[in-house]
Amino acid sequence: MNTPAHVIFATAAFARPFDRKRTFAAMAGALAPDLSLYLMAATSLYILGLSPNYVFNTLYFSDAWQQVFKVDNSFLVWGAGFALAWWYQARNGMVFAASGLMHLALDFPLHHDDGRPHFWPISDWVFQSPVSYWDRAHHATIVGPIEMALSALFCVILMLRFTSLRSRLLIGALAILQLFPVFIWMFIFASDAV
C-alpha cells in the first residue's frame with residue numbers, strides 16, 4: 001500500500017480525538033516501516049543525484065537496502081516491540097507497535113516482486129504475492145481503486161471524529177498525498193525522461 005494509506009488506516013483504527021500522544025503514536029507507527037525507504041531514496045535522489053530508475057530498480061533490491069528492510073519490516077521485531085510495550089503497560093507504545101504491525105499485515109499480501117523478509121531474523125523468506133498494490137501486471141487496477149476508496153472513506157470518518165481545524169488540515173493533506181500518488185511518481189521520474 002502507499003504510505004499515506006497506511007497512516008490513514010492506522011489513524012482511523014487507533015487514533016483518538018483529544019489524545020494527541022496516542023494519535024501521534026498511531027501515525028508514527030504506520031509511517032515507521034517505510035521511513036528508511038524514504039530516507040535512503042531521498043538521499044540517493046536529491047543529495048547523491050542518482051536516477052530514480054537506478055534507485056528503485058537497483059538500490060532498492062540491493063543487499064544493503066534489503067538488510068535495513070529486514071529489520072523495519074519484520075513481524076517479529078514489531079511483535080517484540082508490542083510485547084515489550086504491553087509488559088510495561090506503555091499504552092502509546094502499544095499503539096505505535098500495533099500501527100506498525102497493521103502496516104506489515106496490509107503490505108504482506110500486496111507486494112509481488114518487491115516484498116520484504118517479514119519474518120527476519122528467523123527467516124529471509126519473502127512472500128511473492130500474486131497481487132500488487134502498484135503493479136498493473138498483478139491486479140493493481142483492482143487493488144488501487146479499492147485502496148483509494150477505503151482511504152477516502154476513512155478520511156471522511158476521521159474528519160467527522162476530529163473536528164479541530166489543525167486535525168482536518170492534516171487529514172486533508174494525507175488524503176491529497178494518497179489520492180494523487182500518480183503525480184508524485186511522475187515528478188520523481190520526470191528527470192529520467194529529460
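Me: Why is R91 called partly exposed?

Reply: In this predicted model, R91 has a relative accessible area of 41%. Buried means under 20% and exposed means over 50%, with partly exposed in between, so R91 counts as partly exposed.

Me: What makes D19 and R91 a salt bridge?

Reply: The closest N and O atoms of D19 and R91 are 3.0 Å apart. The cut-off is a Lys or Arg side-chain nitrogen within 4 Å of an Asp or Glu carboxyl oxygen, so the pair qualifies.

Me: And D19, is that one buried or exposed?

Reply: Buried: D19 has a relative accessible area of 19%, and the limit for that word is under 20%.

Me: What makes the D19 and R91 pair a link between distant parts of the chain?

Reply: D19 sits in the loop between helix 1 and helix 2, while R91 belongs to helix 6. In sequence they are 72 residues apart.

Me: How many salt bridges does the structure hold?

Reply: There are 2. Besides D19 with R91, the side chains of D124 and K70 meet at 3.2 Å, N to O, and that is within the 4 Å cut-off.

Me: Why do you say that D124 and K70 tie parts together?

Reply: D124 is in the loop between helix 6 and helix 7 and K70 is in helix 4 (residues 63-72), so the bridge joins parts 54 residues apart in sequence.

Me: Which labels do K70 and D124 get, buried or partly exposed?

Reply: K70 has a relative accessible area of 11%, and under 20% means buried. D124 comes out at 46%, in between the 20% and 50% limits, so D124 is partly exposed.

Me: On to the surface. What makes the nonpolar patch?

Reply: F82, L84, W86, W87 and Y88 make it, with an area of about 650 Å². Take W86, in helix 5 (residues 75-87): patch members need over 30% relative accessible area, and W86 has 49%. That value is also under the 50% limit for exposed, so W86 is called partly exposed.

Me: How do you know where F82 is relative to A152?

Reply: From C-alpha to C-alpha they are 29 Å apart in space, and 70 residues apart in sequence. A152 is in helix 7 and is partly exposed, with a relative accessible area of 31%.

Me: What is unusual enough to flag in the backbone?

Reply: F18 has a positive phi of about 70° although it is not a glycine. Q89, another residue other than glycine, has phi near 55°. F18 lies in the loop between helix 1 and helix 2, and Q89 in the loop between helix 5 and helix 6.

Me: Why are F18 and Q89 called exposed?

Reply: The label needs over 50%. F18 has a relative accessible area of 85% and Q89 has 55%, so both get it.

Me: What makes the peptide bond from W120 to P121 cis?

Reply: Its omega is near 10°. P121 is in the loop between helix 6 (91-107) and helix 7.

Me: What lines the second largest pocket?

Reply: Its lining has 22 residues, with R20, T23, F162, S167 and L170 nearest the centre. Helix 1 (3-14), helix 2 (20-47), helix 7 (140-161) and helix 8 (165-179) each give two or more; helix 2 gives the most, with 6. By class there are 12 nonpolar, 5 polar and 5 charged residues, around a volume of about 560 Å³.

Notes. Residues numbered from 1 in each chain as written. Predicted model: local features only at pLDDT ≥ 70, side-chain atom pairs only at ≥ 80, totals over all residues. Heavy atoms only, no water. Patch = residues over 30% accessible without salt bridge, like charges linked within 9 Å, V, L, I, M, F, W, Y side chains within 5 Å. Areas by Shrake-Rupley, 256 points an atom, 1.4 Å probe, with all protein chains shown as cover. Helix = DSSP H or I, 4+ residues; strand = E, 2+ residues; numbered from the N terminus. Buried < 20%, exposed > 50% of the residue type's maximum accessible area, 1.4 Å probe, protein only. 1 Å grid on protein atoms, 1.4 Å probe; cavity = no way out; pocket = protein on both sides within 12 Å on 5 of 7 lines; lining within 4 Å. Points joined across faces, edges and corners; volume = space filled by probe spheres on them. Nonpolar A, V, L, I, M, F, W, Y, C, P; charged D, E, K, R; others polar.
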